[in-house]
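Please open the model in your viewer and keep the selection tool at hand. The tour below goes from one selection to the next and says what is found at each stop.

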Amino acid sequence: MPHHVQGVIAREKGAEVERTTIVVPDPGPGEAVVHVQACGVCHTDLHYREGGIGADFPYLLGHEAAGVVESVGAGVTDVAPGDFVILNWRAVCGRCRACRRGRPWYCFNTYNAAQPMTLDDGTVLSAALGIGAFAEKTLVHAGQCTPVDPAAPATAAGLLGCGVMAGLGAAINTGGVGRGDSIAVIGCGGVGAAAVAGARLAGAAKIIAVDLDAQKLEQAMRLGATHAVDARSADVVEAVRQLTDGFGADVVVDAVGRPETWKQAFYARDLAGTVVLVGVPTPEMMLEMPLIDLFGRGGSMKSSWYGDCLPSRDFPMLIDLYLQGRLPLDAFVSETIGLGDVEAAFDTMRTGDVLRSVVVL
């Protein structure tokens, strides 16, 4: 029988989100119904609400979540009812050109549930990133469920479903930060702060946090940054170079995603260093650079999609590190809220006063 549960939707572009009843069908072949226990409020959800990602309203928001599998459809063998899982939005197909080349973290044909969730009147909902977890239950493809140790609280575990994984992965997976390296992170909100934590986990010797906000810089220092640069008063490129013997950092992560910050990242890295773009630009942003600089400085310029993570590999490992006290996921949970508080959480997000508001169900 279909499940009638409470969820939070964006009915139309720019309108305040609303809590309403949604209908979650029983799982079909390859699908799973998950009882959501916690879901982070991510900036991507606000992008959906504002029409910045698409126009397939109404959207069932929420995607950074953890919970317990309630039921599975035919042919599902990798997860079972009762499993504690983190939901992911890159359920790899195993057959596309990236997967066949042994690079499943780039999978170009990721899975989502085939059946839609709806409103009571039958209106089809578009699930944010194929998940839609601002709801008591959600329907996903079984490949979007990654089992992890149930000893981890859902409030912390769910953050690996998007923002924290994006930042950690940008530093470790995409940037390849390792022991003794130097890294600068421009923008120390939730994703940038996670890049700082990832660099510390990887053994970076020098971790330079860059932001306009003193509170975010303080948070970055608590998460492992060795130096802080206040971009309001300092020349970011010059400050990073001064902190790296005049050379620039081995890796610079742009967690803002603007032409200005990308240029800072480019010129603040060492020769043959790596620039990682993980902040998401808007479509109208343009970048103009001297081509000779791109050639002359060498190195790599990369974009990081979901931290280039492979959920089946990375989520269990990172949860184990969290349970060992080596990855401070709890530090990213600024507040816990209810389903009816999502709109207020968007307002708080704009002020920059939180790393993550987390909906607890």
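Select Glu64 to begin: at 0% relative accessibility this residue counts as buried, where buried means under 20% relative accessible area, exposed means over 50%, and partly exposed lies in between (1.4 Å probe, protein chains only). The model is a predicted one, in which local features need pLDDT of at least 70 and side-chain atom pairs count only at pLDDT 80 or more, while totals for chains, interfaces and linings use all residues. Residues are numbered from 1 along each chain as its sequence is written, and side-chain values use heavy atoms, with hydrogens and water left out.

Now add Arg356 to the selection, and you will find its side chain meeting that of Glu64 in a salt bridge of 2.8 Å, N to O; the term stands for a side-chain nitrogen of Lys or Arg within 4 Å of a carboxyl oxygen of Asp or Glu. The pair links distant parts of the chain, 292 residues apart, with Glu64 in strand E5 (residues 64–72) and Arg356 in the loop between helix H11 (342–351) and strand E18 (357–360). Helices (H or I, at least four residues) and strands (E, at least two) are DSSP runs numbered from the N terminus. Arg356 also counts as buried, at 10% relative accessibility.

Stay with helix H11 and select Arg350 and Asp347, which form a salt bridge whose closest N and O atoms are 2.8 Å apart. Because these two are three residues apart in the helix, about one helical turn separates Arg350 from Asp347. Both ends are partly exposed, Arg350 at 48% relative accessibility and Asp347 at 42%.

Next, select Arg49, Glu50 and Glu343, which are joined into one network by salt bridges that share partners. Between Glu50 and Arg49, the closest N and O atoms are 2.3 Å apart; Arg49 is buried, with a relative accessible area of 6%, whereas Glu50 is partly exposed at 34%. By this rule, the count for the structure comes to nine salt bridges.

Which cysteine holds the sulfur closest to that of Cys39? Select Cys42 to see the answer: the two sulfurs are 9.0 Å apart, too far for a bond, since a disulfide is a pair of cysteine sulfur atoms within 2.5 Å. Cys145 is in no disulfide either, the nearest cysteine sulfur, that of Cys39, being 14 Å away. The structure holds zero disulfides. Cys39 is buried, at 0% relative accessible area, and Cys145 is buried too, at 6%.

Finally, select Arg101, which sits in the loop between helix H2 (97–100) and strand E7 (118–119) and is exposed, with a relative accessible area of 58%.
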